[in-house]
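Student: Please take one part, the shell around the ligand, and go through it closely before moving on to the rest of the chain. Which strands and helices each supply at least two residues of that shell?

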Amino acid sequence: MMKKYEELMDLCIKNAAKYRFDVAPNPMVAAIVYDENQDKIISMGVHKKYGENHAERNAILEAQDCDFSDKTLIVNLEPCSHHGNTPPCADLIIEKGFKKVVIGMFDPNPKVSGSGIMKLKNAGIEVVTGVLEDECKELNKVFTKNITKNMPYVLIKIATTFDSKIATAGGESKWITGETSREYVQCLRAQHFAILSGSGTILADNPALTCRLKGERTPDRIIIDRNGKIPFDYQVFKEDGARVFLATNNLNRDFPPNVIPVEFANFRDLFAKLYNKGVYSILVETGQTSLSVLIKQEMADEIYKFVSPKIFGEGMSYLRNLYVFKIDEAYKLKFEHVQKVAEDILITAKFLYD
Ligand SMILES: NC(=O)c1ccc[n+]([C@@H]2O[C@H](COP(=O)([O-])OP(=O)(O)OC[C@H]3O[C@@H](n4cnc5c(N)ncnc54)[C@H](OP(=O)(O)O)[C@@H]3O)[C@@H](O)[C@H]2O)c1
């Protein structure tokens, strides 16, 4: 039966993920009412919009006048036990008399964290937990950061050579990695609320920082330019429906209508301000200087490092001036995945902070 639960949980994950931007800052959730005796899916419900019905309620509504007493509910996140915009799902599941509930991950929301599961168990419902837990956590990693820290999830993407260079000694950086890796980056852009880059990169490369995948939304842009060095005719300032947050301390000038100036003291301050403006996750695509500051200020959650089978020898490394003199002082990460992306390799890792 565990294999079947995993198959159904995978279906929940795939369907929940379609509504990332519509449900934020809520988690992405889908639920399935399943008949174990007949090996049949009765209904599926998805949380589709912030403030609207949760997945469990939609799955139950979709099943209409079904007898739930011998049915299993599969859901990727622990059912809520508190009153938010909608009444608690745990209460509804109990009221409908489900036999079993299969859950992917605990709700990291401090208002829930285990109390939904406890409520179900106390009502005599069999509860199975931890089904595809890692995949469920990956799906809602942004929500987990948001609800526990009130800060955006920050993912760094870098494209390096085999010897970890991000530009040649002559300043060239296009293109270090192959076409398939660059396509992959477009998918990453499609999954994030905003893309961040520094003035060095913007002035050197004049990138558009948009998502070129058909049908995907264009993420907002965050440009670090404390003194206002970048002219407004650069591509990142183009009006295309995205908000452009200009992290600057030079406010004494006129800004184009799509540019929102944000004064900031450091990255923590900047990200806290952006979080309050609905920037729930940030993809960082920047150069050595800003990347190093970001890591020193311990503001990154994860890194996607694309490594191309090229060696520059000299050139720009992707980090500098971190001043780690003792091994104990190293910034620590946990490797997550390694995969081949055509001719390149993608390594993903999460930062570990004490
Ligand atoms: N291969 C890759 O993945 C990749 C990706 C991106 C860029 N690149 C390459 O990297 C090169 C540019 O790198 P870079 O190091 O010159 O520039 P950069 O990191 O893009 O730009 C420097 C940024 O750091 C900011 N900064 C400096 N000190 C700061 C502090 N204490 N707090 C907050 N922000 C601070 C600067 O702000 P101010 O403007 O206010 O001074 C500026 O925005 C280019 O050649 C580009 O092609 C490669």
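Tutor: Four elements each supply at least two residues of the shell around the ligand: strand S6 (153-160), strand S7 (165-167), helix H9 (199-205) and helix H11 (288-296). The model is predicted, and what follows should be read as a description of that model. Among these elements, H9 makes the largest contribution to the shell, with five residues. There are 26 residues around the ligand, and those that come nearest are Gly198, Gly200, Arg226, Gly287 and Thr289. Gly200 falls within the range of H9, 199-205, and Thr289 within that of H11, 288-296. Sorted by class, the shell holds 12 polar residues, nine nonpolar residues and five charged residues.

From S6 one can step back along the chain to Pro152, which sits in the loop that links helix H7 (141-149) to S6. Is Pro152 buried or exposed? The cut-off for a buried residue is 20 or more other C-beta atoms within 10 Å. Pro152 has 27 C-beta neighbours inside 10 Å, so it counts as buried. If neighbours within four places in sequence are left aside, the contacts of Pro152 are Phe271, Leu274, Tyr275, Val279, Tyr280, Ser281 and Ile282. Val142 lies 10 residues from Pro152 in sequence, and the C-alpha atoms of the two are 7.1 Å apart in space.

The next region to follow is the set of strands S1 to S4. Strand S1 (residues 30-35) has five of its six residues buried and is therefore largely enclosed by the rest of the structure. S1 pairs with strand S2 (residues 40-46) in the antiparallel sense, through six bridges. Within that pairing, Tyr34 faces Ile41 of S2. The hairpin formed by S1 and S2 has four residues between the strands, and Asp39 there adopts a positive phi near 45°.

S1 also pairs with strand S3, again antiparallel, by way of four bridges. Ile32 has Ile74 of S3 as its bridge partner, and Ala31 stands opposite Val75 of S3. S3 (residues 72-77) is itself mostly covered, with six of its six residues buried. A further partner of S3 is strand S4 (residues 100-105), and this pairing is parallel, with five bridges. Here Thr72 stands opposite Lys100 of S4. Between S3 and S4 the chain passes through helix H4 (residues 89-96), which gives a right-handed β-α-β crossover.

Last, the chain as a whole. It contains 11 helices and 16 strands. Of its 354 residues, 39% count as buried. Contacts are weighted toward long sequence separations: among those between residues at least 6 apart in sequence, 69% join residues at least 24 apart. Along the principal axes, the C-alpha atoms fill a box of roughly 70 × 45 × 40 Å. The radius of gyration of the chain is 23 Å, which agrees with the value near 20 Å for a compact globule with 354 residues.

Key:
Residues are numbered from 1 along each chain as its sequence is written. This is a predicted model: local features need pLDDT of at least 70, side-chain atom pairs count only at pLDDT 80 or more; totals for chains, interfaces and linings use all residues. The radius of gyration is taken over C-alpha atoms; the globule rule is 2.2 Å times the number of residues to the power 0.38. A residue is buried if 20 or more other C-beta atoms lie within 10 Å of its own, exposed if 12 or fewer, and partly exposed in between; C-beta atoms are placed from the backbone. Two residues are in contact if their C-beta atoms, placed from the backbone, lie within 7 Å. Two strands pair if DSSP finds at least two bridges between them. A crossover is right-handed if, with the strands pointing away from the viewer, the path from the first strand over the helix to the second runs clockwise. A residue is near a molecule or strand if its C-beta atom, placed from the backbone, lies within 6 Å of it. Ala, Val, Leu, Ile, Met, Phe, Trp, Tyr, Cys and Pro count as nonpolar, Asp, Glu, Lys and Arg as charged, and the others, Gly among them, as polar.
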